Amino acid sequence: MILLALESSADSSSVAIWQDAKILAHQFVEAKYGHAERIVMQAEAVLSQAKIKISDIDYFIGGRGPGSFTGIRTCLAAVIGFSIVADTPCFGINGLSALGFACSASLKNTGIQNEKLVVLAISDTRRGSFYCQEFKAENLIPSDIEDLTLPKLYEKIKALAKSGFLVRICGALSEDTLKFDDTLEKPELVHYYRYSLAATDIAHYAAWQIENGRELSPATPLYLAPPNINQPKKPLS
């Protein structure tokens, strides 16, 4: 099985080719703008690097958000375009789920295992709150996505730590964002990993879903809130 995965829901664009549990080639560019002009060329570059033809791809996978309205549309438009050209299925992947899955897998590889381990995948909504999705150690099935203000996110983390959970938070936030005060009980149980979602994560999570018979989502945007579209200026009278 060969997957071509694309991701551009935040301040980067990335493409990866996955085959048989390995990333054959990938490219990651960190830039807030220019995803639409860049992502197809990135896909062509990794196909060339991996010496894979577009006709060899079994599934085209795109990150469907949550994230930038324009970035998500750019990614999925490219995925759908490739799918049409190759006459091959395409699907969309929840970026928070891919992020939480990647963090959970990383913790397994480092030997951190505990029945009371919980991973929180978070991203900034840029509306004064944070999207949060929870993964428990006993399975890799994510909870529903929550939209939490920073105080509510603090409350959630504090409650988990107070109950004895090892809390591992992953996301592309600054370290200053999650500074706890003295009311955090058992601070040794809470750790934050700064991690930027990439197409490699989208590919690994999609492959896990396919291999385990999970139903993948369509290549449509995962919008959890209406897009913030600037209103047109009033005409001059």
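**Entry 1. The S6–S7 hairpin**

I began at aspartate 124, which stands opposite phenylalanine 130 in S7. The model I am reading is a predicted one. I looked up the pairing around this position and found S6 and S7 joined in the antiparallel sense over 7 bridges. The hairpin of these two strands has 4 residues between them, and arginine 126 takes a positive phi near 65° there.

I then followed phenylalanine 130 to S8, where leucine 148 stands opposite. Strand S7 (residues 129-136) and S8 run antiparallel and are joined by 4 bridges.

**Entry 2. The sheet around S6**

I traced the strand order next. S6 and S7 belong to an open sheet of 5 strands, ordered S8-S7-S6-S9-S10, with mixed pairing. Strand S8 (146-149) and strand S10 (190-194) are the edges, each pairing on one side only. On average, neighbouring strands here are turned by 30° against each other, direction ignored.

I looked for a parallel pair and found S6 with S9, over 5 bridges. Alanine 121 has cysteine 170 in S9 as its bridge partner. I also checked how covered S6 is: 7 of its 8 residues are buried.

**Entry 3. Helices on this sheet**

I noted two helices lying across the strands. Helix H3 (residues 95-109) lies across strand S6 (117-124), S7, strand S9 (166-171) and S10, and runs at about 140° to S6. Helix H4 (residues 150-162) lies across S6, S7, S8, S9 and S10, and its angle to S8 is about 105°.

**Entry 4. Salt bridges**

I searched the whole structure and got 6 salt bridges. I wrote out three of them.

Aspartate 147 pairs with arginine 127, the closest N and O atoms being 2.9 Å apart. This pair links distant parts of the chain: aspartate 147 is in strand S8 and arginine 127 in the loop between S6 and S7, 20 residues apart. I asked whether aspartate 147 is buried or exposed. Aspartate 147 counts as partly exposed, because its relative accessibility is 40%. Arginine 127 has 44% and therefore also counts as partly exposed.

Glutamate 134 forms a salt bridge with lysine 156, with 2.8 Å between the closest N and O atoms. Here too distant parts of the chain are linked: glutamate 134 sits in strand S7, lysine 156 in helix H4, and they are 22 residues apart. Glutamate 134 has a relative accessibility of 13%, so I list it as buried. Lysine 156, with a relative accessible area of 19%, is buried as well; the cut-off for buried is under 20%. I also found this pair in a network of salt bridges that links Glu134, Lys136, Glu146 and Lys156.

Glutamate 155 bridges to lysine 152, the closest N and O atoms being 3.9 Å apart; the limit for a salt bridge is 4 Å. Both residues are in helix H4, and because they are 3 residues apart, about one helical turn separates them. Glutamate 155 is partly exposed at 47% relative accessibility, and lysine 152 is partly exposed at 45%.

**Entry 5. Aspartate 201**

I turned to a charged residue outside this list. Aspartate 201 lies in helix H5 (residues 199-211). What is the nearest side chain of opposite charge to aspartate 201? I found arginine 194, 13 Å away; aspartate 201 is buried and has no salt bridge. The side chain of aspartate 201 does make a polar contact of 2.7 Å with that of tyrosine 195. Leaving aside neighbours within four places in sequence, I recorded Ala98, Ala102, Tyr195 and Ser196 in contact with aspartate 201.

**Entry 6. The other sheet**

I finished with an open sheet of 5 strands in the order S3-S2-S1-S4-S5, whose pairing is mixed. Its edge strands are strand S3 (22-30) and strand S5 (90-93), each pairing on one side only. I noted an average turn of 15° between neighbouring strands, direction ignored.

Strand S4 (residues 59-63) pairs with S5 in the parallel sense over 4 bridges. Within this sheet, glycine 63 stands opposite isoleucine 93 in S5. Helix H1 (residues 35-50) lies across strand S1 (2-7), strand S2 (12-19) and S3, and I noted its angle to S2 as about 25°.

Conventions: Residues numbered from 1 in each chain as written. Predicted model: local features only at pLDDT ≥ 70, side-chain atom pairs only at ≥ 80, totals over all residues. Heavy atoms only, no water. Pairing = 2+ DSSP bridges. Axes fitted to C-alpha atoms, helices over the stretch in contact; angles between N-to-C directions. Contact = heavy atoms within 4.5 Å. Buried < 20%, exposed > 50% of the residue type's maximum accessible area, 1.4 Å probe, protein only. Lys, Arg positive; Asp, Glu negative; His and termini not counted. Polar contact = N/O pair within 3.5 Å; in protein donor to acceptor, adjacent residues only side chain to side chain.
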